[in-house]
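Visitor: I have a structure to look at. Can you guide me through it?

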Amino acid sequence: MNVYDAARMTDMLAPLGYAPTGDAAEADLVVLNTCHIREKAAEKVFSDLGRLRLIKDERSKNGKRTVVAVAGCVAQAQGEKLIERAPVVDVVVGPQVYHRLPEMLARIERQAGRAIDTSFPEIPKFDYLPAPTTAGPSAFLSIQEGCDKFCAYCVVPYTRGAEYSRPVADIVSEARGLVDQGAREITLLGQNVNAYHGEDEGGRASSLGRLLERLAAIDGLERLRYTTSHPRDVDDSLVEAHRDIPALMPLVHLPVQSGSDRMLSAMNRGHTRAEYLATIDRLRSARDDMAFASDFIVGHPGETEEDFQDTLSLVDAVGFVHSYAFKFSPRPGTPAAALPDSVTAEEKSDRLSRLLKHLAAVQSEQNHRMIGRVVPVLLDRPGRQDGQLLGRSPWMQPVHLRAPDARMGDMITVRITAAGPLSLSGTPFTAPDIEALRHSA
Ligand code: 5AD
Ligand code: SF4
């Protein structure tokens, strides 16, 4: 979502004459778009600000002004305190009000003062943002923001605010614009994307499943994805969407966090291990090639070795194709941060490395199962080696290949020839291949 937000800020600032630069020393304005989800991410902002202070001083010696803005969830959480700790900052702007950046910049231009806005506006920012001006083959589209779930460890409900869903018509129009600019795949974004309940044209609340149906009708839009989902919000319309919409990719990122009922309850996740597995089964019944990705937290207050073993066994039960795993990080203002941190730093590190090893083995096994299969690949990046292209399988696995006639943005049919721990390799499936298949059939 921060990638999406950063692109929208760039779009907002373009009419004021700002254009992106890769070199901070050249920048009249630097916007740090920040993340507060774990301490490590939040602390990174302050080391970046330290570096920016040197650049700002250097530029000032040459008579050049540099405005430093901090946007995103660290801005939201810290507000004024951010400037106290890092006086290099001129602008603090929260994730729900970055559409106000132009007026905030104009204000400090006039008065050379500082500007802080971390409010949650009545009218959502989306009503003010211009249509996206660029899109690659794979584009993001934010449809839902905020969260009302209040998991015990999580800062999101406090930084992104209450759940909000954009109206269907706005989303369809933004998606059409992205496709007109070359997007062939759109990933719908939301902190709780499947809690989506935006208003449709008839004034009724739509579900994510219904919205996906609408988007699938857009000509030229070949792939749809959505992230991140909550296990409690997988309704029948979403399962039906997976059954009925070929463009909807068969990979669901469905964070479980822990495989232990005791921990799921302590985390206030609102579901049990068995309910999670039942949800996985419902989704698998829609499409037999359905795959899953997840997020995990190890060392949440109260987690025992037995709880952790339950997490390892859940990984085996599902066979995730990809996952993220983190050590519990106490976040200010969350209920879990007030609990005694019962797991030692060594235990946390040990559990994280054991879990990562386990996840990597399962992922590698899933990748190896792909060898010999013929799959569509959307080419979206140049590879590291000369002449190499990189694309994604329907299950988001990176696929390396050489295809002299293919270009970025092409969807090509590929035979998978090799698998590594993180990615696949393949060769384009050619017309003679198809001919050979026909003869062997
Ligand atoms: N500590 C560690 N990981 C966290 N996450 C969210 N809050 C915390 C925390 N306090 C992880 C969860 C979530 C992902 C986005 O970040 O796994 O799904
Ligand atoms: Fe955070 Fe996700 Fe829980 Fe919401 S559902 S509180 S975003 S972990």
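Guide: Start with Cys73. This is a predicted model: local features need pLDDT of at least 70, side-chain atom pairs pLDDT 80 or more, while totals for chains, interfaces and linings use all residues. Residues are numbered from 1 along each chain, chains are lettered from A and ligands numbered from 1 as written, and side-chain values use heavy atoms, without hydrogens and water.

Visitor: Which residues does Cys73 touch, not counting those up to four places away in sequence?
Guide: Contact means heavy atoms within 4.5 Å. Cys73 itself lies in helix H3, residues 72-78 (a helix is a DSSP run of H or I, at least four residues, numbered from the N terminus). Its partners are Thr34, His36, Pro95, Thr159 and Arg160.

Visitor: Is Cys73 buried or exposed?
Guide: Buried means under 20% relative accessible area, exposed over 50%, partly exposed in between, with a 1.4 Å probe and protein chains only. Cys73 has a relative accessible area of 8%, so the word for Cys73 is buried.

Visitor: Which residues touch the most other members of the largest nonpolar core?
Guide: A nonpolar core is a set of buried Ala, Val, Leu, Ile, Met, Phe, Trp, Tyr and Cys residues joined through side-chain atoms within 4.5 Å. The largest one has 51 residues. The residues touching the most other members are Leu188, Leu208 and Leu212.

Visitor: Which helix gives this core its largest share?
Guide: That share is six residues. They come from residues 168-180, helix H7.

Visitor: How many residues are in the second, separate core?
Guide: Its members include Val93, Leu105, Ile108 and Leu189. The count is 20.

Note on methods. Helix = DSSP H or I, 4+ residues; strand = E, 2+ residues; numbered from the N terminus.
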